[in-house]
Amino acid sequence: MKLPVYMDYSATTPVDPRVAEKMMQCLTMDGNFGNPASRSHEFGWNAEKMVDEARQQVADLICCDPREIVWTSGATESNNLAIKGAAHFYRKKGKHVITAKTEHKAVLDTCRQLEVEGFEVTYLEPETNGLIDLKKLESAIRDDTILISLMHVNNEIGVVTDIAAIGEMTRSHKILFHVDAAQSAGKVPIDLQNTKVDLMSFSAHKIYGPKGSGALFVRRKPRVRLEAQMHGGGHERGMRSGTLATHQIVGMGEAFRIAKLEMDVENQRVFTLRQRLWDGLQNIEEIYINGDFEHRVAGNLNVSFNFVEGESLIMALRDLAVSSGSACTSASLEPSYVLRALGRNDELAHSSIRFTIGRFTTEQDVDYAISLIHDSVNKLRALSPLWDMHKDGIDLSTIEWAAH
Amino acid sequence: MYYFDNNATTPLDERVLEAMLPYLTVAHGNASSAHHYGRKARAAIDTAREQVAMLVNAYPAQVIFTSGGTEANNFAIKSDVTQTGHLLIGATEHASVLNAAKSLQTRGWRVDTIPVNHNGVLQFQDNLLQNDTRFISVMLANNETGVISPIQDIAQASQQRDIIFHTDASQAAGKIPIDFNLIGANLLTLSAHKFYGPQGIGALITDKRKVLEPLLHGGGQEKGLRSGTENIASIVGFGKAAEIASNEINTRFMHYKDLKQQLETYLSSLDGLEIVAESVERLPNTTMIVVDDIKGETLLLGLDHEDIAVSSGSACYAGKTEPSHVLQAMGYSAEQAHNAVRFSLGKEQNAADVHRLFAAIKKQLHEMRSLALAVAI
Amino acid sequence: MAYSEKVLDHYENPRNVGALDSADSNVGTGMVGAPACGDVMRLTIKVDDNGVIEDAKFKTYGCGSAIASSSLLTEWVRGKTLDEAAQIKNTEIAEELALPPVKIHCSVLAEDSIKAAIADYKQKQNVTETSAT
């Protein structure tokens, strides 16, 4: 077994060897290295053909028309393009946007930017299980609401949003619906032919494709219009300029092709491993699952260990590559804003660990993780004055702490 | 197939591929993750940042990675978006600068262009500046004609008046030496795939004089200036390509110069064509011709039959067959602009390749003209 | 986060973990920090008749730097007089462990904990003396 054991598949995934193989064919002189926008020679034509093929592969996984796919540099750019692009285009219709407090930073930070520009944004509170109450969502809709942006699968706690139901709601209110599907593509079935989503963001590196590659689904019927955020040569039907990175796109296409082919079997396998992990951990005292256990993507387990501090736990789990909170914010020492939005107190938010299991995780990895976690939690609790107090029957919430 | 379209994109250098491979497969962390895999990715990015900085004689902290030249240009031009005012750009800029600038018009900016003369050389004068000129963007070298802009006077005027000065060095990098500090620009655009790095990665070099408004919002990567999970393999490839270019810049420059000299000597022997901007300083690998009587598209197809790949100008006007705005800004008619063909040489090419190119041009021109003559009779 | 060798050593092999009997009048306890802030330190010291700290134990809920700071502190205070122990500065702890700027507060907490333990001991002594007379 190779250490550290990787259980951080929601942060990023290794490129599947089949994907890497395809990408390598699009790089050097003897491959399809051309600029797909070159219209005057075979190098360009071949690159364009490869890009078209990839566009079809992405469309196939999510059941849409390939002409509805706009290539981007990743889900962050897709989210920026969808939210700012739609808000800017439809600003005369209204200036109100709805999203949730548990969204990825790429959505939240973009919404903050819209607020700076004079838009109003409602940030919905999730229920304690991490899901959005549809009634509360509907009551947040106003006459001037133009866009609702919600993620399909939460990156930290893995809960799955009912986008089909929300799509019905937004369509009947004539509001655009954007879904950040970076964490769901290849893990949860997506059928855009029968789901009323108008804009959907995708990322390649979350499903064994390369980093720096993403896509935005932009519905043709009923037609959704966007104001471009990157101007230039008019690539991607004017919605996103910039030389298409052929190898990146081809890698994303191959990753989506494989996902379509293997999703069912893989999900079952990953789910079994996740269960094995939970079975091995749940007898630890004072362990809490974050987020709904049922409406949850197969590979995610997010738990908090009471009376253990998160950073020291991560340190103890050095041979296990996991994350505490979202990878995009863990460089700072703030407790996870997602868990706080769920109503978890700071201590539990601080001591949360996200395990995400994926394509290359083995039973042996899971068993190693279980034993390492038991040892680490025991060790840290033996060091923890809070654990002593808990064991002595002291309710910590009754103590007045001298905050420093 | 012989490839003479290296200004559109270059094949990846094998050494760059080798550097990238581990980051595609084995070392796969997210650079924002605190664990082992994340830290390895972070270290690789740091190295690449140094390599890219070295290429333009800047400090690593001045490098902001983007998804390419187009994004870097958009980022630069829109970095002052919370303000309004007057913006000046060169008349022959790349579409990503032109259209980014145009998009600012809807936000209350006024955009004017700095004209060029018949040789494509910028004709900057102080009277182009207005009281509220806040931003000037001028490319270091033109992608179509290869003309290198004399930008010292613009840099000077910008510094005196506290104007932000941006230069798009996408085409210049790896072909001529670039010194960010000597240029006197505040912002500079780089694109990896123009000098044997991967597509889909670029950078904006900044002097940190001004607070930049980010183009992409999110997780706060690149010190909050460019959100989005770092494209590690491509960043590593960019760094390696920059390192190789730094090391080889002088030999490359001389190599290109010799080949171009050879090509242009050959071309001068042919009737009925003109080398664009022949008398001024140009990129050592770029030659654009305007043929008197034959459409560029026609010649391209003819050369394609000879297994030679060239282009009629910019690849970046996707799917458009409009005549080059660059040539028109230089005073060429639309018809003449339609008759343009660009040859951009690569570092692996040699005298035999150039001779093959020339022979093919000569043959095709001859056949086309005979055919035209025959039809006329 | 990159930790120094010394932090790692104290984290892996914490010295003097535990608690002394707080009912003992020669034992002083200092508990500082708050769970919501991510660190709580509890330091107990046993003082002999000459005012010298003969034993010290700690338990810490916190990051590796917090654990290392308190572990190091127990080593340092042992054998010191109360006055000497009270002179220990957080900067010395930070320097010894090569703490990065974001972790300086851990050393501050350690300094606070010894001060709190000494104060607790002295208060207990006062109470004992008072009740004796």
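1. Let me start with a helix pair: α1(A) and α7(A) are roughly antiparallel to each other, since angles over 145 degrees get that label (under 35 would be roughly parallel, 65 to 115 roughly perpendicular and the rest oblique). Helix α1 covers residues 17–24 of chain A and α7 covers residues 246–281, and they pack at about 150° with axes 8 Å apart. Axes here are lines fitted to C-alpha atoms, for helices over the stretch in contact, and angles run from 0 to 180 degrees between N-to-C directions. The crossing of α1(A) and α7(A) is right-handed, that is, the near helix is turned clockwise from the far one by less than a right angle (anticlockwise would be left-handed).

2. Before going on, keep in mind that this is a predicted model: local features need pLDDT of at least 70 and side-chain atom pairs count only at pLDDT 80 or more, while totals for chains, interfaces and linings use all residues. Residues are numbered from 1 along each chain as its sequence is written, and chains are lettered from A and ligands numbered from 1 in the order in which they are written.

3. Back to the pair. The crossing of α1(A) and α7(A) is right-handed, and the contact is made by A:R18, A:V19, A:K22 and A:M23 of α1(A) with A:H247, A:V250, A:G251, A:E254, A:A255 and A:I258 of α7(A). Contact means C-beta atoms, placed from the backbone, within 7 Å. By class there are 5 nonpolar, 2 polar and 3 charged residues (nonpolar is Ala, Val, Leu, Ile, Met, Phe, Trp, Tyr, Cys and Pro; charged is Asp, Glu, Lys and Arg; the others, Gly among them, are polar).

4. Chain A has an open sheet of 7 strands in the order β2-β8-β7-β6-β5-β3-β4, with mixed pairing. β2(A) and β4(A) (120–124) stand at the edges with a single partner strand each, so one side of each has no neighbour in the sheet. The twist averages 20° from one strand to the next. For the terms: strands are DSSP E runs of at least two residues and helices are H or I runs of at least four, numbered from the N terminus, and two strands pair if DSSP finds at least two bridges between them.

5. Look at β8(A), residues 214–218: 5 of its 5 residues are buried (20 or more other C-beta atoms within 10 Å of the residue's own, C-beta atoms being placed from the backbone; 12 or fewer is exposed, in between partly exposed). A:G214, A:L216 and A:V218 lie on one side, with A:A215 and A:F217 on the other. β2(A) (69–72) joins β8(A) antiparallel through 4 bridges, with A:T72 opposite A:G214. β7(A) (199–203) pairs with β8(A) in the antiparallel sense over 5 bridges, and A:F202 has A:A215 as its bridge partner.

6. Two helices lie across this sheet. α3(A) (75–89) crosses β2, β3, β5, β6, β7 and β8 of chain A, at about 165° to β7(A). α6(A) (163–172) lies across β5 and β6 of chain A, at about 160° to β6(A).

7. On to the interfaces: 60 residues of chain B are in contact with 62 residues of chain A. α4(B) gives the largest share of the chain B side, 5 residues. That side has 24 nonpolar, 31 polar and 5 charged residues.

8. The other contact takes 24 residues from chain C and 19 from chain A. β1(C) gives the largest share of the chain C side, 4 residues. Here the classes divide into 15 nonpolar, 5 polar and 4 charged.
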